[in-house]
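User: Got a minute to look at a model with me? I'd like to go through a couple of its helices.

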Amino acid sequence: MSSTGLSRQSLAFLALLPVLLTLRRLYQHHSGARRTRKVAKIDERVLVLGASSGIGRSIANLYAARGARVCVVGRRQDKITEVVEECRTRGTTSSRILGVTADFADVEDMVKLRGQLETEWQGVDTVVVAAGVSALQPLMAVAGVESHSGGASFTPPQASAESIQKAVDISAAATRGNYVGPLVSAITFIPLLTTTSAAPSILLISSLAALIPAPTRTLYASTKAASLVLYQALSIEHPRIAFTFFTPSTVEGDFRASAVDSGPVREKNPNTHGLKREEVARRCVRAVDVGEKTVFMPNLMRFGHFLYWVWPAFVEWRARKKYNFSA
Ligand SMILES: NC(=O)c1ccc[n+]([C@@H]2O[C@H](COP(=O)([O-])OP(=O)(O)OC[C@H]3O[C@@H](n4cnc5c(N)ncnc54)[C@H](OP(=O)(O)O)[C@@H]3O)[C@@H](O)[C@H]2O)c1
């Protein structure tokens with residue numbers, strides 16, 4: 001042990017850290033160059049599920065701007081028409097942008113979309129799963145039960161059968177948007193992606209909430225965690241595909257407006273405090289280019305995950321503060 005209490009091995013590791021980080025960066029640079037050699041940016045066929053707004057829309061724009069073929073998908077037809085126009089003005093020939101109104105949790109919609117990609121592009125290289133829905137209330141509030149006195153009493157004192165059922169129905173909507181959609185998309189597109197691309201990639205936009213628990217995010221975080229682990233396991237089952245898991249903290253935009261439980265937003269305004277959508281989108285595209293596996297944004301948050309296991313009380317206190325929550 002040294003006088004600082006660190007063992008020789010720890011000191012050696014710390015000394016080596018800059019070298020390891022440089023090697024990692026060089027490797028990523030090399031991987032990026034390798035993917036571009038296999039699939040030129042201008043030839044890349046990119047499917048963006050959940051492109052009618054927010055992060056998915058910005059990602060679609062970035063790919064369009066660099067000349068890729070882009071298929072934008074969402075349920076709101078008017079928004080999809082807008083995004084197609086936006087992508088076309090980014091400099092790509094209009095025939096290279098497809099707009100499809102579809103629900104990514106609907107099997108028929110996804111099979112139809114796959115057929116369209118086979119006909120129009122003879123396959124796909126990159127699938128971006130950006131679609132998702134928010135949920136904002138504490139679980140007991142979803143069931144119409146409020147807790148008081150530091151969680152010691154409840155009004156009403158018990159959840160009724162109807163209110164439990166209501167919570168189950170809302171949870172089904174969160175599950176559909178955050179788990180069933182990614183599941184249907186994976187089953188539908190993995191074989192097409194694997195057999196038609198020289199460098200197949202899947203980007204899942206997950207959330208930091210899927211890794212670090214937060215109050216008022218019970219339904220959102222647990223359903224996002226389910227799809228994250230689903231894709232992490234799929235990544236082992238399908239080693240030919242480069243999977244990227246993106247776990248951002250709060251991002252600017254209207255995500256909370258789509259909440260399946262329509263609760264109040266308790267944290268600071270995402271539009272003044274959140275990550276900038278464009279920056280998130282740029283980081284996503286770079287991560288896919290170089291084949292990064294898990295991306296935290298901000299990067300420092302990768303230690304938050306670790307901190308939860310070693311000092312949960314601190315992380316829980318921070319989470320309560322962030323979400324302005326008291327039991
Ligand atoms: N905003 C944040 O603070 C934040 C933080 C961390 C992670 N994320 C994740 O980032 C992703 C994008 O969120 P965002 O902030 O960009 O929110 P957003 O603007 O609400 O975008 C969500 C997109 O998903 C689409 N979508 C939702 N359900 C769909 C369905 N069943 N089928 C097809 N498309 C569907 C929506 O389009 P339609 O309504 O037209 O279908 C929309 O284009 C989400 O997965 C979210 O969990 C967001």
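Analyst: Sure, let's take some helices and then a loop residue; keep in mind that this is a predicted model.

User: Start with H4. Which of its residues are buried?

Analyst: In H4, that's Met110, Leu113 and Leu117. Looking down the helix axis, those buried residues fall within an arc of 60°, so they line one face.

User: Any general reason for that kind of spacing? Why would residues three or four places apart point the same way?

Analyst: An α-helix has 3.6 residues a turn, so positions three or four apart point the same way.

User: And what's exposed on the other side of H4?

Analyst: Val107, Glu108, Val111, Gly115 and Thr119 are exposed over there.

User: What do the buried ones pack against?

Analyst: Three strands and a helix: S1 (45-49), S2 (69-74), S3 (97-101) and helix H6 (161-196).

User: How does the length of H4 work out?

Analyst: H4 covers residues 107-121, and 15 residues at 1.5 Å each should span 21 Å. Its end C-alpha atoms are 21 Å apart, which agrees.

User: What comes right after H4?

Analyst: Gln122, with a positive phi near 55°.

User: There's a glycine at 123 too. Where does Gly123 sit?

Analyst: Gly123 is in the loop between H4 and strand S4 (126-129). It counts as partly exposed because 17 other C-beta atoms lie within 10 Å, and buried would take 20 or more.

User: What does Gly123 touch, leaving out residues up to four places away in sequence?

Analyst: Arg45, Leu117, Glu118, Leu192, Thr196 and Ser197. Leu117 is also one of the buried residues of H4. As for Phe189, 66 residues from Gly123 along the chain, the two C-alpha atoms are separated by 9.4 Å.

User: Switching topic: how do H2 and H9 cross?

Analyst: The axes of H2 (residues 54-65) and H9 (residues 277-290) come within 8 Å and cross at roughly 60°. The two helices are therefore oblique to each other, and the crossing is right-handed.

User: Which residues make the contact?

Analyst: From H2, Gly54, Ile55, Ser58, Ile59, Leu62 and Tyr63; from H9, Arg277, Glu278, Val280, Ala281, Arg282, Cys284 and Val285.

User: Is H2 mostly covered or mostly exposed?

Analyst: Mostly covered, with 11 of its 12 residues buried. Among them are Gly56, Arg57 and Asn61.

User: And what span does H2 reach?

Analyst: H2 reaches 17 Å from its first C-alpha to its last, close to the expected 16 Å. After H2 comes Gly67, with a positive phi near 95°.

Technical notes: Residues numbered from 1 in each chain as written. Predicted model: local features only at pLDDT ≥ 70, side-chain atom pairs only at ≥ 80, totals over all residues. Helix = DSSP H or I, 4+ residues; strand = E, 2+ residues; numbered from the N terminus. Expected span 1.5 Å × (residues − 1). Arc of directions from axis to C-beta. Contact = placed C-beta atoms within 7 Å. Axes fitted to C-alpha atoms, helices over the stretch in contact; angles between N-to-C directions. Parallel < 35°, antiparallel > 145°, perpendicular 65-115°, else oblique. Left-handed = near helix turned anticlockwise from the far one by under 90°.
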